[in-house]
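Q: Please take a close look at one part of this model, then set it against the rest. A residue-level reading is what I am after.

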Amino acid sequence: MSSLSRELVFLILQFLDEEKFKETVHKLEQESGFFFNMRYFEETVTNGEWDDVEKYLSGFTKVDDNRYSMKIFFEIRKQKYLEALDKRDRAKAVEILVKDLKVFSAFNEELFKEITQLLTLENFRDNEQLSKYGDTKSARGIMLAELKKLIEANPLFRDKLQFPSLKNSRLRTLINQSLNWQHQLCKNPKANPDIKTLFVDHTCGQPNGARAPSPVTNPLMGTVPKAGGFPPLSAHGPFQPAPAPLPTSLAGWMANPSPVPHPSASAGPMGLATANNAGTYCSISF
């Protein structure tokens, strides 16, 4: 995909966000793989929406891409497994073990056996490594902090954590500039033209007529006229740039953490304990 086509995707993402098409925004983020929305990821993890978490991640990485990715998926699935055990839902825990965690046995068979043995315990906290496991909310919070470090350190995410700095309604502005330019091709351009569609190039009706056809056949590659060379359409015309401040969620895009790898992130061995946090987990790993 060309760089201009890639930039167009970002403009569409901004437009969708401003128009409150939230699900569509995140679907396009995932399908394009251009921007990883850390705020959305945090929300889905915090809410325990595990299917959505993995589906979103799948647009950017797979389990076996590298050590960072493997550990990201392992921590998510391990948390999902522990929550099922905590709810005494053994059937669900077995399903997660077989469908989600067994893939890691090829990389660490002993760890998989250790995880499997948790099924035999009345309370998995009887396992020494998990004795300080807190409640679900605190456990998700600790895991999320670790996941963010792994994502920031993962080379597959390094150019995808920062949304470009754009002025409000950039796509609308470009369309408005195009309409201004097209209307200036009319023999007698009006101050307040009646433009009813974007599906075809704008032309003036009789007797005004059009001065000449548009020379631009490829809007991404053609020459773009200077916006200052044409008088603006009326303030009541279509697609005027919105003067409103940046939406909160878009501001969140701009404020995402720097893609520079986190110095404390580690793609070291996977283990039952998520992180070295004396208040919640012990630090033993395999």
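Q: Is Arg88 buried, exposed or partly exposed, and what is its relative accessible area?

A: This is a predicted model. Arg88 is partly exposed, with a relative accessible area of 44%. That value falls between the cut-offs, because buried means under 20% and exposed means over 50%. Arg88 sits in the loop that links α5 (67-86) to α6 (90-101). Its backbone stands out: phi is positive, about 65°, although Arg88 is not a glycine.

Ser169 also has a positive phi without being a glycine, here about 50°. Ser169 belongs to the loop between α8 (136-153) and α9 (170-183). Ser169 is buried, and its relative accessible area is 5%.

Now the helices on either side of Arg88. Both α5 and α6 are among the elements that give two or more residues to the largest nonpolar core. The others are α3 (38-46), α4 (50-57), α7 (109-117) and α8. This core has 43 residues. The top contributor is α5, with 9 residues. Phe36, Phe41, Leu57, Tyr81 and Leu101 have the most contacts inside the core.

Take Leu57. Setting aside neighbours within four places in sequence, Leu57 is in contact with Phe36, Phe41, Ile72, Phe73, Ile76 and Phe157.

There is also a second, separate core of 8 residues. Leu13, Leu16, Val25 and Phe35 are included in that second core. As a general point, nonpolar side chains tend to be buried together in soluble globular proteins.

Key
Residues numbered from 1 in each chain as written. Predicted model: local features only at pLDDT ≥ 70, side-chain atom pairs only at ≥ 80, totals over all residues. Heavy atoms only, no water. Helix = DSSP H or I, 4+ residues; strand = E, 2+ residues; numbered from the N terminus. Buried < 20%, exposed > 50% of the residue type's maximum accessible area, 1.4 Å probe, protein only. Core = buried A, V, L, I, M, F, W, Y, C linked by side-chain atoms within 4.5 Å. Contact = heavy atoms within 4.5 Å.
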